[in-house]
Structures are given as structure tokens and as C-alpha cells.
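Here is a friendly briefing on aromatic contacts. Please have a look at the rings as you read along.

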Amino acid sequence: MSKLSWTNIKDHYRQTSVCRIALNTVKILLLLGSGITLCIILLLSSVDFWMSYQANGRIYKDVESAPARDIALILGTSKYIGRTLNPYYTYRIDAAIELYKQQKVRGFLLSGDNAHRSYNEPWTMKRDLLRAGIPEELIFLDYAGFRTLDSIVRAKQIFNLNDFTVVTQTFHCDRALFIANYYKADATCLGVPSPKPKSWFNVRVREVFARIKAMLDVYIMNTQPKFLGPQEPILEMLPKYNYGPIMPRFVPQPYNEPKSNS
């Protein structure tokens, strides 16, 4: 048995103190990390809940209950995913056609990405509306709708729309209406169904972070659309006639024969 000396005692105490300090440091870091994680979760949950709450009463899930508006703003997405038809796109186009059939809107603003010549979301949507029998003079295109903020802000500031109906998936409506409300646009949203993805959780998480980004864009970063440009008041461009289920019906003005003085 080794002889106990003062040097051995000091070495043992020093090693024990280092271990204790390291252990305490790890505990503090774990507690700090847990606290930060909890704060982040609470922040994300609060923003997500609040953004849904502020859109309450302005989202409609069927065409029959949606209020009539002059213009429906259709938010663009790709028509195909690979070689498969994108159901997100199909739901939006079908809803737009039904809005017109039920005389809920007078015209359409198709807003989407036009990144290159072979990818043109607004023109793709226009072709499908034309195939459904909607007159071309009722369709307006916004080629600079690169994201939700661009589409909403441009509808208000470039196309002079103070009230309109947004057509997109229901989970997307909250964020679109939040941006519209910030820019003082009286918008409602027709929330169309979403396909059931293989990983619904991933879609939901992406939307939560997109909502955080939207709040940062409007409240802190003051993010503006990539392109603005001259105003195009599309309401003034709409033809002056009543609309039937698919094709318009021109309503002639009555002729009043002038009265004779005799």
C-alpha cells in the first residue's frame, strides 16, 4: 500500500475538483439547452397558433359559402411533379373554375413563377381555365408571383385590388391572409383540400417555419416583392357584362325613345 503523502492528497483533490467542475458544466449546458429548446418550441407554437387565429372567419372550405368578390387570386404551383400531375395544382384550378360557374367571381389573377421559358405557372393556369370555357378577357397574369408575399403584395399595390379571394390549400390560407391583413387588403381565402403526403409531419413543420419567416419579413426585415413596376388596375379592364355559368351573357341597355314636344 502506497504511503499517503500531502502531494498525493493534493493530486487526488485536484482531479476530483476537475471532475466535479466538468460534471457541473455539463449539467448547466444541458439545462440551458433544454431551456432554449423549450423557448423555441413555445415561440414556434405561439406564432403558428396566432397566425391561424388571426385568419379565423375568413377561410371558406367550399365554394357555396365563399362570399362573392370581383377577383380570385390563384396562387401558382407546378402542374406536374416529375411526370405525375400535382394534386395541389389540380385542387386550385378546379376550385377556380367552380367559383366562376357559381358566379362568385368576375375574373382571375393568376400569380406564379416564370423562372424560365419552359416553366411558366401563370400561363399554365391560364390554358387550363381557357379549356374550361372561361373567357380570356377575364384572366390576368402576374408573372412575378415568386412566393406568397410577392403575390399578395402585388395584388394590392400593382393590380389595385383592395378585396379579393385567395385560392390555395387550407393550411396555406393562414399565412396568405396574414400578409394580406398586414398590407390592409380585405382578403378572404377559399381553402382547397391537400393531398395526403407520405410525410405529413414534414409538410406541417415546413409551414410553421414559413410562418415564422413571414412574420420576420413584414415586421422586422420589411421584405418587398422582387419586382413591382407600374400599376395595372385590372378591375377597370373587366368587360361590362353579366356572367353566366361559363360563357358571358351580354345584357343590352334599354333604348329610351326621346319624347316629342308636340
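Phe 178 is buried in this predicted model, because its relative accessible area of 2% falls under the 20% cut-off. Its ring partner Trp 50 counts as partly exposed, at 35% relative accessibility.

**The count and the Trp 50 pair**
- The model holds seven aromatic pairs by the ring-centre rule.
- Trp 50 and Phe 178 are edge-to-face, because their planes stand at 80°, over the 60 degrees needed for that label; their ring centres are 5.7 Å apart.
- This contact links distant parts of the chain, with the two positions 128 residues apart.
- Trp 50 belongs to helix α1 (residues 6-54), while Phe 178 belongs to helix α5 (residues 170-182).

**The tyrosine pair**
- Tyr 182 and Tyr 183 also make an edge-to-face pair, with 5.2 Å from centre to centre and 80° between the planes.
- Tyr 182 is partly exposed at 32% relative accessibility, whereas Tyr 183 is buried, with a relative accessible area of 14%.

**The cluster**
- Which residues form one aromatic cluster? They are Trp 50, Phe 178, Tyr 182, Tyr 183 and Tyr 219.
- Both pairs described above thus have their members in this cluster, with Trp 50 and Phe 178 alongside Tyr 182 and Tyr 183.

**A charge over a ring**
- Lys 226 places its charged end over the ring of Phe 146.
- The distance from that charged end to the ring centre of Phe 146 is 5.2 Å, which is within the 6 Å limit for such a contact.

Terms used:
Residues numbered from 1 in each chain as written. Predicted model: local features only at pLDDT ≥ 70, side-chain atom pairs only at ≥ 80, totals over all residues. Heavy atoms only, no water. Phe/Tyr/Trp six-rings, centres within 6.5 Å; stacked < 30°, edge-to-face > 60°. Helix = DSSP H or I, 4+ residues; strand = E, 2+ residues; numbered from the N terminus. Buried < 20%, exposed > 50% of the residue type's maximum accessible area, 1.4 Å probe, protein only. Lys NZ or Arg CZ within 6 Å of the ring centre and 35° of its normal.
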